[in-house]
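Hi,

Here is the structure I said I would pass on to you. Have a look at it first, then read my notes below with the model open.

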Amino acid sequence: MSESDQELFNLAMSEDAQPLMYAVKKHIQENVDPISDEFFALDKGKEDRWVWHPRQMELLDGAKAKAKESGLWNFFLPDAETGEGLSNLDYAYIAAELGKNPLAPETLNCSAPDTGNMEVLERVGTPAQKAKWLTPLLNGEIRSAYAMTEPSVASSDAKNVSTRAVLENGEWVINGEKFYISGAGDPRCKIMIVMVKTSPDAASSKQQSQILVPIDTPGVDIVEGMQFFGEDGAPHGHMRIIFDNVRVPEENILLGEGRGFEISQVRLGPGRIHHCMRSIGQAEKALELMVKRAGSREAFGKPILKLGKNVEVIARARIEIDAMRLMVLQAAKAMDVLGNREARIYVSAVKAMVPEKVCQIIDQAIQIHGATGVSQWTPLPSMYAMQRILRLADGPDEVHHMVVGRAEAQKHDCW
């Protein structure tokens, strides 16, 4: 086994990051958990679902201020002066804790899609782009969106993206339609990174570019919030957007024309790991709820825990959570050791595995709760919906299985 292969199995959190982990746990316990019930209850009393209640912002800003005071901010950005210098591996441990409370990531300025967008801007943005957009994002003053998916093409193959951008007189003129653009409904969302086709005659991997588009640019029409399982996620939202002769300055392009795929390698690897670790936090929460429910309710003269195969269901959930955690930690370590591009097989493996298994664990928790499990009395329905969406987001399961299976076949010259 080579030295780099050996290093891939060293999955311990660094000693320097361990105090940070404890501080994050303390912050969630003291500053996030106590405000969560009130925060989400305020959604019911709003006249306009697409704005935040002032009290919600008061609660959230209070928790963010406490995080800043404690030095807990922007952990998602590995090995950069603008972040805490965390490795992907160290951040993976923290992301699992953030997944246990849906408010926790934003209180530390570690929410998707901002994390991926900030990483792109930090890595490839010009000084002017950083000053205008990265700085307020890093300060938690604005939110952002990433616009790639389109309703008219199979967007799991990014080469199909058809929204066009044509350079005219020093401006990019953008026309097309996107949907499921997460975060674009938030009134705090000020900037989008938009995947467009700029060079249709170039090689297939050089046709796409990514361009910064302020959300208030004339011609940006936010049509509606797309629903998933009947929910539209307001006010964050997953929006359908039409770009009708949208004009932005030529200098709004990121890195250069035809380099959209190259930018995606910067963005998608870490983002997928963050999703997977937060998903493991959700699985831990579901298992906790499952065990407490099964141990506190009786049927047919026994605790539900001891009926049928329920104890085995719980055992398998624990085993699968721990197995998922190790795989995700190794994928994070692979990004640190090999780089994002070379680690793509590890990343695809966990992206294929984790949301599917977490969906299954949450479904089992719902079953043990009975009718209550699908009601508003537990967080399980919304947890399930989000995990089911992740089986499509950042590429569907099938794409990731293809990446892993193809790599395995290539080892034996079968592809």
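Helix H6 (residues 114-124) is largely enclosed by the rest of the structure, because 10 of its 11 residues are buried. The buried ones are Asp 114, Thr 115, Gly 116, Asn 117, Met 118, Glu 119, Val 120, Leu 121, Glu 122 and Val 124. Before you go further, keep in mind that this is a predicted model.

Next, try helix H2, which runs over residues 18-41. How far apart should its ends be? At 1.5 Å a residue, its 24 residues should span 34 Å, and the end C-alpha atoms are indeed 34 Å apart, so the two values agree. Look along H2 for a kink as well: there is one of about 40° at Val 32, shortly before the proline Pro 34. Val 32 is also on the list of buried residues in H2, together with Leu 20, Met 21, Val 24, His 27, Ile 28, Asn 31, Ile 35, Ser 36 and Phe 39. And what covers them? Helix H3 (54-69), H4 and helix H5 (104-107) are among the elements that do.

H4 turns up again in a helix pair. Helix H4 (residues 88-98) packs against helix H9 (residues 310-338) at an angle of about 145°, and the two axes are 7 Å apart. On the H4 side, the residues that meet H9 are Asn 88, Leu 89, Ala 92, Tyr 93 and Ala 96. H9 brings Arg 325, Leu 329, Ala 332, Lys 333, Met 335 and Asp 336 to this contact. Sorted by class, that makes seven nonpolar residues, one polar and three charged.

Now for the nonpolar cores. The largest has 87 residues, and the members that touch the most others are Phe 75, Tyr 91, Ile 94, Leu 98, Ile 273 and Met 277. Helix H8 (residues 260-296) gives the most to this core, with 12 residues. There is also a second, separate core of 21 residues, which includes Val 196, Val 213, Phe 243 and Val 248. If you want one residue to click on, pick Ile 94: leaving out residues up to four places away in sequence, Ile 94 touches Met 13, Leu 20, Met 21, Val 24 and Leu 86.

Three single residues are worth a look too.

- Gly 183 sits in the loop between strand E3 (171-182) and strand E4 (189-197). Is Gly 183 buried or exposed? Its relative accessible area is 1%, which is under the 20% cut-off, so Gly 183 is buried. Leaving out residues up to four places away in sequence, Gly 183 touches Ala 145, Cys 189, His 236 and Gly 237.
- Ala 352 belongs to helix H10 (residues 344-369). Ala 352 is buried as well, with a relative accessible area of 3%. With the same limit on sequence neighbours, Ala 352 touches Asp 397, His 400 and His 401. The C-alpha atoms of Ala 352 and Ile 304 are 32 Å apart, with their positions 48 residues apart along the chain.
- Gly 295 is part of helix H8. With a relative accessible area of 49%, Gly 295 counts as partly exposed. From Gly 295 to Trp 52 there are 243 residues in sequence and 38 Å in space, C-alpha to C-alpha.

Write back if you get stuck finding any of these.

Cheers

Conventions: Residues numbered from 1 in each chain as written. Predicted model: local features only at pLDDT ≥ 70, side-chain atom pairs only at ≥ 80, totals over all residues. Heavy atoms only, no water. Axes fitted to C-alpha atoms, helices over the stretch in contact; angles between N-to-C directions. Helix = DSSP H or I, 4+ residues; strand = E, 2+ residues; numbered from the N terminus. Contact = heavy atoms within 4.5 Å. Nonpolar A, V, L, I, M, F, W, Y, C, P; charged D, E, K, R; others polar. Expected span 1.5 Å × (residues − 1). Bend = angle between axes of the 7 residues up to and from the residue. Buried < 20%, exposed > 50% of the residue type's maximum accessible area, 1.4 Å probe, protein only. Core = buried A, V, L, I, M, F, W, Y, C linked by side-chain atoms within 4.5 Å.
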